[in-house]
There are 2 protein chains.
Amino acid sequence: MRECFEVRDTDVGGRIGELTVPRADVTVETPALLPVINPNLDTISPRRLADEFGAEILITNSYIIHGTDDVREQALEDGLHDLLDFPGAIMTDSGSFQLSEYGEIDVTTEEILEFQHAIGSDIATPVDIPTPPDVSRERAEDELATTQERLEIADEIDTGEMLVSAPVQGSTYPDLREAAGRHADGTDLDVFPVGAVVPLMNDYRYDDMIDAVAAAKRGLGADAPVHLFGAGHPMMFALAAAMGCDLFDSAAYALYARDDRYLTVRGTRHLEDLEYLPCSCPVCTTHSPEDLRALPDDAREEALAAHNLHVTFEEIRRIKQAIRAGNLLELVEQRARAHPTMLDGYRTLLDHAAHLERADPVSKGAFFYTSHESARRPEVLRHHQRLDRLSVPDSLFLTEGDAAGGDEFDESWRVEPPFGPFPRALSKSYPLTAEVPDRTDRAALAAAADGVARLVDSNPDTEITLGHTGWPADVLETLPDHVELIDLTADRA
Amino acid sequence: MRECFEVRDTDVGGRIGELTVPRADVTVETPALLPVINPNLDTISPRRLADEFGAEILITNSYIIHGTDDVREQALEDGLHDLLDFPGAIMTDSGSFQLSEYGEIDVTTEEILEFQHAIGSDIATPVDIPTPPDVSRERAEDELATTQERLEIADEIDTGEMLVSAPVQGSTYPDLREAAGRHADGTDLDVFPVGAVVPLMNDYRYDDMIDAVAAAKRGLGADAPVHLFGAGHPMMFALAAAMGCDLFDSAAYALYARDDRYLTVRGTRHLEDLEYLPCSCPVCTTHSPEDLRALPDDAREEALAAHNLHVTFEEIRRIKQAIRAGNLLELVEQRARAHPTMLDGYRTLLDHAAHLERADPVSKGAFFYTSHESARRPEVLRHHQRLDRLSVPDSLFLTEGDAAGGDEFDESWRVEPPFGPFPRALSKSYPLTAEVPDRTDRAALAAAADGVARLVDSNPDTEITLGHTGWPADVLETLPDHVELIDLTADRA
Ligand SMILES: [Mg+2]
Ligand SMILES: [Mg+2]
Ligand SMILES: [Zn+2]
Ligand SMILES: [Zn+2]
């Protein structure tokens with residue numbers, strides 16, 4: 001059990017956790033947002049982040065602090081908490097991203113961690129190599145080896161109460177990401193950033209981002225707090241949280257504000273394109289778009305940054321509430337419609353249903369079927385797996401709705417898309433209490449047929465008859481040949 | 001052209017309009033929310049509705065005013081604007097809903113309208129018969145006849161500057177709703193409530209609600225302002241707006257607050273079930289759920305009512321912005337995932353794609369394909385209709401992506417799911433600039449195949465070859481026999 005992190009509640013891969021940060025003497029509830037603070041330019045002061053937005057943790061860049069003389073001196077003298085005037089936890093980034101952009105810096109892992117310790121960081125980051133996507137396998141392996149050496153060095157250093165993060169690299173090679181996750185999990189380091197996903201997010205490659213996170217998660221234990229490094233847009237937080245990300249950082253709130261960009265969970269808008277403000281935050285309920293456009297540059301940047309932070313923290317609260325209520329995937333269903341690339345991300349998340357199923361609670365409020373994608377949810381997979389273990393009689397009638405089978409069968413079970421068959425006694429248990437649309441769809445019927453096929457395959461000696469209501473021919477064709485079919489709509493007509 | 005209403009912008013069936021209310025001397029921008037005010041109990045005062053929430057119009061019940069002696073006297077003496085202290089437009093409901101619940105009241109249409117005029121209503125409502133869903137056809141017809149008689153009487157009365165609404169009834173009979181719409185449109189009355197949909201909404205029958213609105217809209221002209229009478233939940237506003245509803249009223253904000261219910265666009269939550277507040281409104285950014293639970297009853301009700309109003313007005317602004325930006329259906333896509341019954345509503349909306357297509361703008365920002373349902377959007381239908389009018393050469397190669405056909409064909413066109421084939425010259429025009437997921441789906445391929453089939457049917461003498469990338473057999477089977485097929489993935493392998 002990792003001492004600094006405790007999972008309190010789960011839904012799909014998402015979890016409510018507590019990250020204990022001993023050096024700051026605070027406990028941060030996750031999923032958490034870490035606003036990125038540039039000590040040279042703060043649009044919204046760290047004190048306001050804590051008081052007005054409820055920020056429990058922030059992240060700042062030790063490379064910038066190191067490189068700015070007066071800031072460095074003050075940080076060394078008074079510490080980051082005083083310098084920034086922030087009462088919560090402070091994480092420092094090593095600056096490896098700047099490193100990769102501006103060329104190597106010539107310092108050792110010891111020096112890097114020592115400096116972060118000296119300025120009073122609560123969670124430090126070693127200098128890793130953020131390998132970009134799509135590089136050669138050789139380069140990805142070489143750079144990962146270097147990152148891993150540095151993590152091993154970091155693991156040996158006594159950092160006192162300061163936590164240390166262990167970035168998980170591996171570019172777009174899932175097996176390398178998984179191996180990197182396993183290696184990092186084997187150290188005594190504390191927080192696990194999935195590194196170098198910013199280029200994927202910048203290119204809207206949410207599918208590849210999900211695969212990278214999923215691979216890292218397979219290597220990491222369930223008790224490892226995972227940081228999606230550089231994830232700034234609230235549109236994709238629910239998706240990433242459902243895959244098991246616990247910490248998000250956002251520089252976007254401030255960077256976007258500088259360019260008059262307005263964040264929403266449906267995407268980014270330019271202030272000049274807004275005729276109405278689709279938000280109820282304190283900024284948007286006291287300003288019209290024209291009001292905002294008329295503000296002086298500094299005030300406008302501050303107002304937009306405040307709005308951007310409000311929607312970002314709001315989404316974090318919405319995600320936490322969804323995890324508590326057990327409807328995180330229903331939130332993801334909505335967010336997946338923000339952009340076709342988000343749909344790709346959701347479809348990719350569902351590729352990992354078997355992995356997600358392991359942590360998903362056995363019972364929740366109600367399963368809502370709200371799209372073709374819902375047919376691939378972990379709960380459907382779990383029900384199909386359970387079909388192998390149910391005992392069946394010699395002859396069995398499977399049917400939609402309440403229609404019973406008469407005397408010719410030993411038993412009659414219900415068939416409900418997308419789950420497939422189940423004994424009527426299970427009707428009252430999750431997920432079979434699902435709310436489904438009146439207008440079903442082919443994906444639900446196909447998943448139900450998969451369930452029937454699975455039951456048939458596990459019970460080759462049982463005579464199985466399916467009473468269906470006009471299922472399409474190509475769905476029925478997926479059933480084993482010896483399943484007897486009765487079209488109940490034909491009966492009724 | 002109806003004088004009191006002007007449509008400024010459209011998207012799908014949704015529109016930004018201006019409702020001129022001469023007696024109040026105000027112009028109300030639609031879609032608009034009319035908070036319902038009970039003059040005997042106001043949780044949030046009308047003055048606050050105007051100043052804090054930007055309400056331009058509200059609705060109150062003349063039956064309650066009539067039945068409460070001191071309120072009636074004050075209304076008759078000083079007028080509703082003074083009584084309620086509201087600077088915007090005031091609509092009055094006739095009380096036909098109470099009538100249907102508590103038995104007949106013995107007044108004439110003249111008296112009803114005269115009373116509403118006397119108390120200073122800006123938009124009055126005659127007493128119609130709100131026929132519930134699923135009644136016998138005979139009853140629906142009889143009651144509709146009575147409603148229509150009363151509308152004809154109302155049409156004859158000189159009401160001065162006061163606007164008068166013409167409720168559209170007809171129960172769950174689409175042809176009656178359509179006829180009722182046509183009849184109402186033939187009068188000189190001003191505003192058109194789709195009546196008696198509350199029982200449908202109470203039962204989450206959003207599919208049947210959409211069919212009722214669609215039928216009424218077929219009868220009404222495009223210039224008729226349509227009021228979805230009794231629509232209180234912001235979850236379904238975008239769906240209803242996309243079908244062409246312009247006015248919504250909400251008693252829910254106050255009624256729900258009384259029961260500690262918290263509105264969200266994803267559904268209703270009980271305050272006791274909330275551990276986090278998924279909202280950034282002035283209430284939710286200054287209170288935790290525990291803070292709210294600890295408030296005295298009156299203050300809690302007021303705080304919840306204020307939150308409920310904030311999310312409701314926020315959704316109206318979001319819908320307006322979506323109409324301006326031309327992405328209303330993308331908002332509906334998200335809202336459709338709030339509940340399986342909302343998905344039914346969206347699937348039903350798409351049944352009316354041919355009707356919606358007529359008002360939908362020819363060009364917008366970008367078409368986002370975000371679900372299987374997207375394949376049924378009006379833009380896809382319009383492209384298929386256009387295929388009949390394109391001139392084609394003697395031999396034509398259709399292919400996904402950029403692959404060209406070589407010399408053996410006269411021309412090579414692109415095929416893009418869900419649209420189907422088009423000449424490459426159209427690639428830069430809406431909707432063919434669509435953003436589509438990398439991971440396409442069967443619905444998109446099936447729609448593309450429909451497009452191919454349509455082109456083939458319109459051009460029986462052209463030799464058409466389709467180069468596809470592994471389309472499923474049952475999709476390919478829907479193509480006419482004489483289409484030549486080439487599987488390009490087989491080629492590449
Ligand atoms: Mg992709
Ligand atoms: Mg229904
Ligand atoms: Zn805002
Ligand atoms: Zn709120």
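**View 1. The surroundings of A:Cys279 in the predicted model.** Sequence neighbours within four places aside, A:Cys279 is in contact with A:Tyr262, A:Cys284, A:His307 and A:Val311, plus B:Glu314 and B:Arg317 from the other chain. This is a predicted model, so keep that in mind as you look around. A:Cys279 sits in the loop that links strand 13 (267-270) to helix 13 (289-294) of chain A. With a relative accessible area of 2%, under the 20% cut-off, A:Cys279 is buried. An unreviewed UniProt entry lists A:Cys279, A:Cys281 and A:Cys284 under "binding site".

**View 2. A:Cys281, in the loop between strand 13 and helix 13 of chain A.** Here the relative accessibility is 0%, so A:Cys281 counts as buried too. Skipping neighbours within four places in sequence, A:Cys281 has contacts with A:His307, A:His310 and B:Ser280.

**View 3. Strand 14 of chain A and the strands it pairs with.** All five residues of strand 14 (residues 395-399) are buried, so the rest of the structure largely encloses this strand. A:Ser395, A:Phe397 and A:Thr399 point one way, while A:Leu396 and A:Leu398 point the other. That's the usual pattern: side chains in a regular strand alternate between the two faces of the sheet. Strand 14 runs parallel to strand 17 (residues 463-468) of chain A, joined by five bridges; A:Thr399 has A:Gly467 as its bridge partner there. Strand 15 (residues 411-416) of chain A is also parallel to strand 14, with four bridges, and A:Leu396 partners A:Glu411.

**View 4. How chains A and B go together.** Chain B lands on chain A after a rotation of 180 degrees with 0.0 Å of shift along the axis (RMSD 0.0 Å). The two copies are therefore related as by a two-fold rotation axis. Of chain B's interface residues, 100% are also interface residues in chain A, so the copies meet through the same surface.

Methods: Residues numbered from 1 in each chain as written. Chains lettered and ligands numbered in written order. Predicted model: local features only at pLDDT ≥ 70, side-chain atom pairs only at ≥ 80, totals over all residues. Heavy atoms only, no water. Least-squares fit on C-alpha atoms with pLDDT ≥ 70 in both. Contact = heavy atoms within 4.5 Å. Buried < 20%, exposed > 50% of the residue type's maximum accessible area, 1.4 Å probe, protein only. Helix = DSSP H or I, 4+ residues; strand = E, 2+ residues; numbered from the N terminus. Pairing = 2+ DSSP bridges. UniProt positions renumbered as here; feature names shortened; annotations may be inferred.
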